[in-house]
Amino acid sequence: MSQVTEYIAIGRRKSATARVRLVLGKGIFKVNGKELKDYFPRQVLIKDIMQPIELTDSVKKFDISANITGGGMTGQAGALRLGITRAILKSDSSAKLSLKKAGLLTRDPRQKERKKYGQRGARARFQFSKR
């Protein structure tokens, strides 16, 4: 029986979708063909993305490559984090308890609320004038 060295998972947030591929390696991280720090310039997002990797002590264990489509920067980072978490879970099922405790296994259900007719936006109303 051969050992699987590649783990593929999908993560989603808002309208962003991340297809993540984990391969046993030395810690190379590519997002849409670019380095992680080049693709996500904000340090807060990088810290958010690295959370499941650092929690399971897999920093230098896997080479990660991801394809992300749709959404904005924060949505893409959230989708990537969920994809990485799911891929790590496939590689090591004993990490489930710590990932669940950190709240990383749950998909963020929040979506953009639609604009309503007779209003300026989803919740904002047109200005009311009494006189």
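I take helices as DSSP runs of H or I, at least four residues long, numbered from the N terminus. The model I am reading is predicted.

**Entry 1: Gln76**

I looked up Gln76 and found it in helix α3, residues 73-91. Is Gln76 buried or exposed? Its relative accessibility is 10%, so I log Gln76 as buried, the cut-off being under 20%. Next I checked its side chain. Gln76 and Tyr39 are joined through their side chains by a polar contact of 2.9 Å. I then listed the contacts of Gln76, skipping neighbours within four places in sequence. The list reads Ala16, Tyr39, Phe40, Ile68, Thr69, Gly70 and Gly71.

**Entry 2: the sheet**

I traced the strands next. They form an open sheet of five, with mixed pairing. In what order do the strands run? I read β1-β2-β5-β3-β4. β1 (6-13) and β4 are the edge strands, and each pairs on one side only. I followed β1 to its partner. β1 pairs with β2 (residues 16-24) in the antiparallel sense, over eight bridges. Within that pairing, Arg13 has Ala16 of β2 as its bridge partner. Helix α3 packs on this sheet and touches β1, β2, β3 and β5. The direction of α3 makes about 145 degrees with that of β1.

**Entry 3: Ala18**

I stayed in strand β2 and picked Ala18. Its relative accessibility is 0%, so I count Ala18 as buried. What does Ala18 touch, beyond residues up to four places away in sequence? I noted Ala9, Ile10, Gly11, Asn67, Ile68, Ala79 and Leu80. I also took one distance. From C-alpha to C-alpha, Ala18 and Tyr39 are 13 Å apart in space, with their positions 21 residues apart in sequence.

**Entry 4: α2 against α3**

I turned to the helix pair. The axes of α2 and α3 come within 8 Å and cross at roughly 10 degrees. Angles under 35 degrees count as roughly parallel, so I describe α2 and α3 that way. Which residues make the contact? From α2 I have Leu45, Asp48, Ile49, Gln51, Pro52 and Ile53. From α3 I have Met73, Thr74, Ala77, Leu80, Arg81, Ile84, Thr85 and Ile88. Sorted by class, this contact holds nine nonpolar, three polar and two charged residues. Leu80 appears here on the α3 side, and I had already listed Leu80 among the residues touching Ala18.

**Entry 5: positive phi**

I checked backbone angles. Most residues other than glycine have a negative phi. Asn32 has a positive phi, near 50 degrees. Where is Asn32? I placed Asn32 in the loop between β3 (29-31) and β4 (34-35). Its relative accessibility is 30%, so Asn32 goes down as partly exposed. Asp57 also has a positive phi, near 55 degrees. I found Asp57 in the loop between α2 (43-55) and β5 (62-69). Asp57 is exposed, because its relative accessible area is 67% and the cut-off is over 50%.

**Entry 6: Asp108**

I finished in the segment after α4 (96-101), at Asp108. Which side chain does Asp108 reach at 2.7 Å? It is Arg110, through a polar contact between the two side chains. The Asp108 side chain also makes a polar contact of 2.9 Å with the side chain of Arg13. I had met Arg13 before, as the bridge partner of Ala16. Ala16 is in turn on my contact list for Gln76.

Methods. Residues are numbered from 1 along each chain as its sequence is written. This is a predicted model: local features need pLDDT of at least 70, side-chain atom pairs count only at pLDDT 80 or more; totals for chains, interfaces and linings use all residues. Side-chain values use heavy atoms; hydrogens and water are left out. Helices (H or I, at least four residues) and strands (E, at least two) are DSSP runs, numbered from the N terminus. Buried means under 20% relative accessible area, exposed over 50%, partly exposed in between (1.4 Å probe, protein chains only). A polar contact is a pair of N or O atoms within 3.5 Å; within protein, one must be able to donate a hydrogen and the other to accept it, and residues adjacent in sequence count only if both atoms are side-chain atoms. Contact means heavy atoms within 4.5 Å. Axes are lines fitted to C-alpha atoms, for helices over the stretch in contact, and angles run from 0 to 180 degrees between N-to-C directions. Angles under 35 degrees count as roughly parallel, over 145 as roughly antiparallel, 65 to 115 as roughly perpendicular and the rest as oblique. Ala, Val, Leu, Ile, Met, Phe, Trp, Tyr, Cys and Pro count as nonpolar, Asp, Glu, Lys and Arg as charged, and the others, Gly among them, as polar. Two strands pair if DSSP finds at least two bridges between them.
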